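This report examines how the parts of one protein chain are held together. Please keep the sequence and the structure in view while reading.

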Amino acid sequence: SALPSTSQAEVLEGLQFHVIKRYEPDVDGYGFLHGVALAWHQGKLYASFGHNKGSENTLTEEGRYCVSSDGGRTWSDVRTIDVGIDEDDLAVSHGVFLSRGKTLWAFLGSFHGTRKRVHTRAYKLIEKSGHWEPQGAVVQGGFWPMNEPVKMNDGNWIMPGFIVGNNYPAAVAISEGDDLKSWTSVVIPRGPTVRNMWGESSILVDGPHVTNVARYGAKPLALASTSNDYGRTWTASAESNLPMAASKPCSGVLSNGQRYLIGSSTADGRNRRSPLTIAVSRPGEVAFSKLFVIRHAVLENEPGESNPRAALSYPYATEHDGNLYVGYSNNGPRNANNNSAELAVIPIGKLAVE
């Protein structure tokens with residue numbers, strides 16, 4: 001079916017909106033905030049993000065988080081996962097979570113200097129103390145994780161991201177079974193006509209078939225690539241027929257078999273990072289058949305920032321107990337990634353396609 005325009009797209013009703021961390025540099029000194037990740041773990045909802053008192057992707061970046069005990073309505077003070085070390089010019093930033101059994105893992109994009117020698121570092125939460133135990137660098141070669149790892153039928157986990165450097169292609173990291181400290185990155189080739197890629201990516205997993213949806217740079221279009229062997233080899237990233245503003249996408253498969261893709265996709269949206277939308281398929285189908293608006297830039301009578309200029313970007317989603325929890329950045333009236341971190345809670349039933 002045809003993609004609706006911004007004004008025609010159906011807005012989801014009955015959602016809850018919450019603020020995870022407001023933008024308040026006069027209180028805490030932090031301007032840059034980006035890359036919200038979410039995880040439900042032992043009955044609590046965790047949210048992490050990159051945080052910086054200086055400018056984006058510089059040495060003062062920190063991987064930070066907060067916790068909610070009431071489903072995202074209220075949040076703890078911001079705490080730190082890791083700040084890196086000055087001696088080695090190491091900075092730690094945003095990444096992804098994985099709740100595995102009794103352990104909450106964080107995999108955070110990390111770099112030296114200003115986004116040089118990018119890699120992924122792993123951490124395990126020691127819940128009694130609230131301390132995150134560093135597990136070291138687990139993916140090298142420029143890999144920055146973007147969405148949560150998914151367990152595949154071959155026993156390995158697959159984590160989507162991209163390579164910082166070398167034309168910035170989409171990439172995935174594949175674990176050695178349940179050894180979450182041992183990953184191999186697989187770079188997805190770039191189609192010959194694809195220019196100015198910034199391949200932050202997400203995945204849809206269906207048995208051995210994996211689809212990668214990546215951010216373009218040159219055009220507001222989603223790039224797509226497929227693997228039929230659990231992510232080991234891939235077709236080249238190529239232009240899809242889905243408009244999508246150039247921002248990190250978030251995709252997955254709901255427990256009811258519906259595929260989803262969160263970003264900013266409307267017929268006339270071009271490269272604007274609003275509204276925040278979710279495209280869904282019917283259960284078990286491959287193609288997206290319906291687009292909903294999660295929220296527009298202007299959202300009155302709700303917590304969170306409402307501004308006609310607001311960019312609603314870098315979504316991340318996790319399903320829990322009949323709801324899809326969607327975290328995102330909101331820059332309100334500001335430029336750059338001086339964001340507040342916000343949350344939308346979507347009852348899964350609202351995403352049904354007639």
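With which residue does D178 form a salt bridge? The partner is R100, and the closest N and O atoms of the two residues are 2.9 Å apart. The model under discussion is predicted, and the report starts from this pair before turning to sheets, cores and a buried residue.

## Salt bridges around D178

D178 is found in the loop between β14 (170-176) and β15, whereas R100 belongs to strand β7; the pair therefore ties together parts that are 78 residues apart in sequence. Neither partner is described as buried or exposed in full: D178 is partly exposed, with a relative accessible area of 42%, and R100 counts as partly exposed at 31%.

D178 also meets the side chain of K151 in a salt bridge, with 3.2 Å from N to O. K151 lies in strand β12 (residues 150-151) and D178 in the loop between β14 and β15, so this pair ties together parts that are 27 residues apart in sequence. K151 is partly exposed, and its relative accessible area is 35%.

## Other salt bridges

In the whole structure, a search finds 11 salt bridges. One of them joins the side chains of E10 and K290, at 2.8 Å from N to O. This pair links distant parts of the chain: E10 is in strand β1 (residues 10-11) and K290 is in strand β23 (residues 290-295), 280 residues apart. E10 is partly exposed, with a relative accessible area of 40%.

Salt bridges can also be joined into a network, and K21, E24 and D28 are linked in this way.

## The sheet that contains β7

Strand β7, which holds R100, is part of an open sheet of 4 strands in the order β7-β8-β9-β10, with antiparallel pairing. The edges are formed by β7 (90-100) and β10; each has a single partner strand, so one side of each is left without a neighbour in the sheet. Direction ignored, neighbouring strands of this sheet are turned by 30° against each other on average.

Within this sheet, strand β9 (residues 116-126) and strand β10 (residues 131-139) pair in the antiparallel sense over 7 bridges. T120 has V139 in β10 as its bridge partner, and I126 stands opposite H131 in β10. The two strands form a hairpin with 4 residues between them, and G130 in the turn has a positive phi of about 75°.

## A second open sheet

Another group of 4 strands forms an open sheet in the order β2-β26-β25-β24, and the pairing is antiparallel. Its edge strands are β2 (16-21) and β24 (312-320), each of which pairs on one side only. From one strand to the next, the twist averages 25°.

Strands β25 (residues 323-330) and β26 (residues 340-347) pair in the antiparallel sense over 8 bridges. For L324, the bridge partner in β26 is I346.

## Nonpolar cores

In soluble globular proteins, nonpolar side chains tend to be buried together. In this model, the largest nonpolar core has 45 residues, and those with the most contacts inside it are I20, L38, F97, F107, W132 and W183. Strand β3 (residues 32-41) gives the most to this core, with 6 residues. A second, separate core of 25 residues includes A297, A317, Y328 and L351.

W183 shows what such a position looks like in detail. Residues up to four places away in sequence are not counted, and W183 then touches F107, V138, V139, P149, W157, M159, A173, I174 and S175.

## The buried residue E200

Is E200 buried or exposed? E200 has a relative accessible area of 3% and is therefore buried, since the cut-off for buried is under 20%. E200 lies in the loop between β15 (179-187) and β16 (201-206).

Which side chains make polar contacts with the side chain of E200? A polar contact of 2.9 Å joins the side chains of E200 and R215, and another, of 2.6 Å, joins the side chains of E200 and Y314. Leaving aside neighbours within four places in sequence, the residues in contact with E200 include M146, G161, F162, V213 and A214, as well as S247, K248 and P249.

Methods: Residues numbered from 1 in each chain as written. Predicted model: local features only at pLDDT ≥ 70, side-chain atom pairs only at ≥ 80, totals over all residues. Heavy atoms only, no water. Pairing = 2+ DSSP bridges. Axes fitted to C-alpha atoms, helices over the stretch in contact; angles between N-to-C directions. Buried < 20%, exposed > 50% of the residue type's maximum accessible area, 1.4 Å probe, protein only. Polar contact = N/O pair within 3.5 Å; in protein donor to acceptor, adjacent residues only side chain to side chain. Contact = heavy atoms within 4.5 Å. Core = buried A, V, L, I, M, F, W, Y, C linked by side-chain atoms within 4.5 Å. Salt bridge = Lys/Arg side-chain N within 4 Å of Asp/Glu carboxyl O.
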